[in-house]
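Please open the structure in your viewer and keep the selection panel at hand, since the tour below moves from one selection to the next and says what is to be found at each stop.

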Amino acid sequence: DIERHAMTRTMQHAVALFAALALASVWHADAKCATTQTFKQLQPSQTGLGTDPFEVEWIATQNGKSKLFVVTEAGKVYSSNNEGASFTLINPNLRGADGDLPVLRVIYQPDYKSGHAKSEYIILQGCLAEVDTNGFERCTSKYHWASKDLGETWIQPCGLEDSGADCFKSPTTEAGGSIETTFRMDPSDPERLLVKLSRKACEDRDWMTSDGACGHDLYYSGDFGKSWINLTERSKHRIASFVDFDWAPSQADQKPGIMATVYEDLDHFASGGYGWDYNVHFVYSKDLFASPHEKLMKCGNAFEILNKDVYVAKVADCEEYHASADKDPSKFTGSQVSLQVSTDGGRKFNQACFPVSMDQNGYTIFDWNEDVAGPDFVVVDHDEEDEIERAAPIGNIYSSDASGQLYSLSMRRTIYLGGAVDFINVEGIPGVYFANQVAAGGGADPAAF
């Protein structure tokens, strides 16, 4: 599960690698300085939203076109062409369910280095939250809206009366099931999309009781949502189920391929459990899985790509498990991971080495300097020997050397809540940071948090 947050005027890249992996990204759009050093007085935005904002996206293109989008907690979408001085409700222009279907988020093609959008393509992802028979809340909407001109005109969902040939088709229309992720645009071509779906079998049974029938498929569209291809079927079931996915860092000689964490065997998928798994592997395909994929890392359970660097959380005793005769997970630790780092787009990986002998449960990666390979800092959730510290929401901050392989301790016991770290840089003043630290012994008093 990948979560992204956007805010103007700052830049931050942080990644938490867990069984569920989260990414927080904040970027800044550079602007030319005015000839006189004066600034427009800020005024309160007259939104009239009627409910609290859930997501704010200020999208600016290279040609100077910009628009501010606000998604509210009620699923309404507002846009502003005048820097937030006034807003227009978009929902009445979105056909399907009489404009009352909630919108989950606005998706576009950010260029993190420049701060601008790479194109005017955007998608409004609909989400009608329903609780299935297993008690899980899923987005069941088959309605999603797209635009190639930053929302001046809208491509309506396929299947509606007079929707036309140029419509946006939901992959759930044919496959059933539910969309489990946001649509993800190819950074080099916004016409190319990926999205992960749970299978229709999951509506009646969960993955633990379905003997492998309830899994996840990855769908690809090469024509901006007009048609979709099931990549699990395209792989001829060399992949049993997808766990996570992303577009691989682009290579000079070809379009970007796909990196993913997957189950390759139906039996392993059916017997899998929560948390780290010896049978989830990190793979790469350059042809949409039509030919056998390349296994980049055995036991690579979670990954993230930042500034063309690739970070993978690998089960620490992977080799010992797969070298054993009976491969009984109960005989191995299985709860500890190691961080593997690639600074060449995934061709070669090195293990991150930390100067502490404690085991590692998870990581949050900060990469503010896009021109330097590897991370700036890594925050590690250690498996402390002290029982109270092990349960406390703390992590250690480590700084990276030039290789991204060796790290030195910068600060102990920073606030660390579910991968969110209370640590930030100061824009415009290189080398200055703020962090909150739990006092030594403070973990013994829950009120201290």
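Begin by selecting Met 259 and Tyr 284, which stand opposite each other, with Tyr 284 belonging to strand S19. Please keep in mind throughout that this is a predicted model. Extending the selection to the two strands concerned shows S18 (residues 258–263) and S19 (residues 280–285), which pair in the antiparallel sense over 6 bridges. These two strands are part of an open sheet of 4 strands in the order S17-S18-S19-S20, paired antiparallel. Its edges are formed by strand S17 (241–247) and S20, each of which pairs on one side only. If you look along the sheet, neighbouring strands are turned against each other by 35° on average, with direction ignored.

Next, select Asn 279, which lies in the loop between helix H3 (266–270) and S19. Is Asn 279 buried or exposed? At 9% relative accessibility it falls under the 20% limit, so Asn 279 counts as buried. Displaying its surroundings, and setting aside neighbours within four places in sequence, you will find Asn 279 in contact with Val 262, Tyr 263, His 268, Tyr 321 and His 322. A distance label drawn from the C-alpha of Asn 279 to that of Cys 318 should read 9.2 Å, although the two residues are 39 apart in sequence.

Cys 318 leads to the disulfides, of which a search of the whole structure finds 2. Cys 318 is joined to Cys 299, with the two sulfur atoms 2.1 Å apart. This pair links distant parts of the chain, 19 residues apart: Cys 299 sits in the loop between strand S20 (294–297) and strand S21 (300–306), while Cys 318 is in helix H4 (residues 318–323). The torsion about the S-S bond is 75°, and the link of Cys 299 and Cys 318 is right-handed. Both of these cysteines are buried.

For the other disulfide, select Cys 158 and Cys 167, which are joined with an S to S distance of 1.9 Å. The torsion about the S-S bond of Cys 158 and Cys 167 is about 95°, so this disulfide is right-handed. As for accessibility, Cys 158 counts as partly exposed at 21%, whereas Cys 167 is buried, with a relative accessible area of 8%. A further cysteine to select is Cys 353, which is partly exposed, with a relative accessible area of 35%.

Two loop residues deserve a stop for their backbone angles. Phe 224, in the loop between strand S15 (216–221) and strand S16 (229–230), has a positive phi of about 55° although it is not a glycine. Phe 224 is also buried, with a relative accessible area of 3%. His 237, in the loop between helix H2 (231–234) and S17, likewise has a positive phi, here of about 60°, without being a glycine. His 237, however, is exposed, with a relative accessible area of 57%.

Move on to strand S27 (residues 394–400) and strand S28 (residues 407–417), which run antiparallel and are joined by 6 bridges. Within this pair, Ile 397 stands opposite Met 411 in S28. S27 and S28 form a hairpin with 6 residues between them, and Gly 404 in the turn has a positive phi of about 75°. S28 is in turn joined by 2 bridges to strand S29 (residues 420–421), again running antiparallel. There, Tyr 416 has Val 421 in S29 as its bridge partner. S28 and S29 form a hairpin with 2 residues between them, in whose turn Gly 418 has a positive phi of about 55°.

Finally, turn to the nonpolar interior. Which residues have the most contacts inside the largest nonpolar core? In this core of 22 residues they are Leu 339, Phe 354, Tyr 363, Val 378 and Tyr 407. The elements giving two or more residues to this core are S21, strand S22 (309–315), H4, strand S23 (337–342), strand S25 (360–366) and strand S26 (377–382). Centring the view on Val 378, and not counting residues up to four places away in sequence, you will find that it touches Leu 339, Phe 354, Tyr 363, Thr 364, Ile 365, Asn 396, Ile 397, Tyr 398 and Tyr 407. A second, separate core of 18 residues, which includes Val 103, Trp 145, Leu 150 and Trp 154, makes the last selection of the tour.

Terms used: Residues are numbered from 1 along each chain as its sequence is written. This is a predicted model: local features need pLDDT of at least 70, side-chain atom pairs count only at pLDDT 80 or more; totals for chains, interfaces and linings use all residues. Side-chain values use heavy atoms; hydrogens and water are left out. A disulfide is a pair of cysteine sulfur atoms within 2.5 Å. Buried means under 20% relative accessible area, exposed over 50%, partly exposed in between (1.4 Å probe, protein chains only). Two strands pair if DSSP finds at least two bridges between them. Axes are lines fitted to C-alpha atoms, for helices over the stretch in contact, and angles run from 0 to 180 degrees between N-to-C directions. Contact means heavy atoms within 4.5 Å. A nonpolar core is a set of buried Ala, Val, Leu, Ile, Met, Phe, Trp, Tyr and Cys residues joined through side-chain atoms within 4.5 Å.
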